[in-house]
Amino acid sequence: MRILIATASRHGSTREIGQWLGSEISARLADTASSDTASPDTVDVRDAADVDNIAEYDAVVIGSAVYMGRWLGDARSLVDREQSELETRPVWLFSSGPIGGSTPSATKSKWSEASWAVEHKVFGGKLDRSTLSLFERAVVRMINAGDGDDRSRAEVDEWAGAICGNLAASASGLR
Ligand SMILES: Cc1cc2nc3c(=O)[nH]c(=O)nc-3n(C[C@H](O)[C@H](O)[C@H](O)COP(=O)(O)O)c2cc1C
């Protein structure tokens, strides 16, 4: 099985969630792989901007940081470009944004209720004002958001487990 995890991130924290997810899914697949499997499972973690198409993947996870209530353009355009392919395989979506309840509501993007996605998960975000542009700092000041890291690796690992469970159940249904 080939799994793609594609993320859109401006300051790196959503990319890191994608990397956590990738290593946990890889570890879990390696634990359950049988020795007679001809081709090993692979998990590719990539920036959404670098993904031309998803045709070679059996399952896809797409995540984006949320800025001003929207997903970043690279994630939105990947979904728009690959919409018909996404509808033919298991897809999970995640958003990363809220910090300490001080950022605007956790808008999940226009695909919040996407019928073609298994689930759309919201993870907390990370804010470090020293890395922001002047414009971003002004926005953050306006909404009174403070620095913090509300991402939870345990929560990401748990979600990776749910994804692997779902994939295993679908695979055994096909046998
Ligand atoms: C200018 C600005 C606007 C933001 N707008 C939102 C928002 O609308 N909703 C939200 O949940 N988080 C918002 N955030 C928080 C970011 O989504 C959060 O910092 C996220 O972890 C950034 O991810 P990245 O490091 O991958 O870019 C905003 C942050 C900044 C700096």
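Me: Which residues is Glu 24 in contact with, once its neighbours within four places in sequence are left aside?

Reply: The general idea is to look past the residues that adjoin a position along the chain and to ask what else touches it. In this predicted model, Glu 24, which lies in helix α1, is in contact with Asp 157 and Ala 160 when neighbours within four places in sequence are left aside. The C-alpha atoms of Glu 24 and Glu 158 are separated by 9.0 Å, although these two residues stand 134 residues apart along the chain.

Me: Is Glu 24 buried or exposed?

Reply: Here the reading depends on a cut-off, since a residue is called buried when its relative accessible area is under 20%. Glu 24 has a relative accessibility of 19%, and therefore counts as buried. Thr 14, which also has its place in helix α1, is buried as well, because its relative accessibility is 1%.

Me: What is Thr 14 in contact with, apart from its neighbours in sequence?

Reply: A contact list of this kind can be read by asking where each partner belongs. For Thr 14, the partners include Thr 7, Gly 63, Phe 94 and Ser 96. Thr 7 belongs to strand β1 and is buried, with a relative accessible area of 3%. Thr 7 in turn touches Thr 14, Gly 63 and Phe 94, among others, and its list also includes Arg 46, Asp 47 and Ala 48.

Me: How should I read the pairing of the strands, and which strands does β3 join?

Reply: One takes each pair of strands in turn, noting the direction, the number of bridges and a pair of residues that fixes the register. Strand β1 (residues 2-8) and β3 run parallel and are joined by 6 bridges, with Thr 7 standing opposite Gly 63 of β3. Strand β5 (residues 91-96) is also joined to β3 by 6 bridges in the parallel sense, and there Val 60 has Val 91 as its bridge partner. With strand β4 (residues 70-71), by contrast, β3 pairs in the antiparallel sense over 2 bridges, where the partner of Tyr 67 is Arg 70. The hairpin of β3 and β4 has 2 residues between the strands, and in this hairpin Met 68 takes a positive phi near 50°.

Me: How many of the residues of β3 are buried?

Reply: As general background, the side chains of a regular strand alternate between the two faces of the sheet. In the present case, β3 covers residues 59-67, and 8 of its 9 residues are buried.

Me: Which residues are closest to the ligand, and how is the surrounding shell made up?

Reply: It helps to begin with the residues around the ligand and then to turn to individual polar contacts. The ligand is surrounded by 25 residues, of which the closest are Ser 9, Ser 13, Thr 14, Val 66 and Tyr 67. By class, this shell divides into 11 nonpolar, 11 polar and 3 charged residues. As for the polar contacts, a polar side-chain atom of Ser 13 is 2.7 Å from an oxygen atom of the ligand, a polar backbone atom of Ser 96 lies 3.4 Å from a ligand oxygen atom, and a backbone N or O atom of Lys 126 is 2.7 Å from an oxygen atom of the ligand. Taken alone, the ligand exposes 650 Å², and the protein buries 98% of that area. The elements that give two or more residues to the shell are α1 (13-32), β3, β7 (126-127) and α3 (134-142).

Notes: Residues numbered from 1 in each chain as written. Predicted model: local features only at pLDDT ≥ 70, side-chain atom pairs only at ≥ 80, totals over all residues. Heavy atoms only, no water. Buried < 20%, exposed > 50% of the residue type's maximum accessible area, 1.4 Å probe, protein only. Helix = DSSP H or I, 4+ residues; strand = E, 2+ residues; numbered from the N terminus. Pairing = 2+ DSSP bridges. Near = heavy atom within 4 Å. Polar contact = N/O pair within 3.5 Å; in protein donor to acceptor, adjacent residues only side chain to side chain. Areas by Shrake-Rupley, 256 points an atom, 1.4 Å probe, with all protein chains shown as cover. Nonpolar A, V, L, I, M, F, W, Y, C, P; charged D, E, K, R; others polar. Contact = heavy atoms within 4.5 Å.
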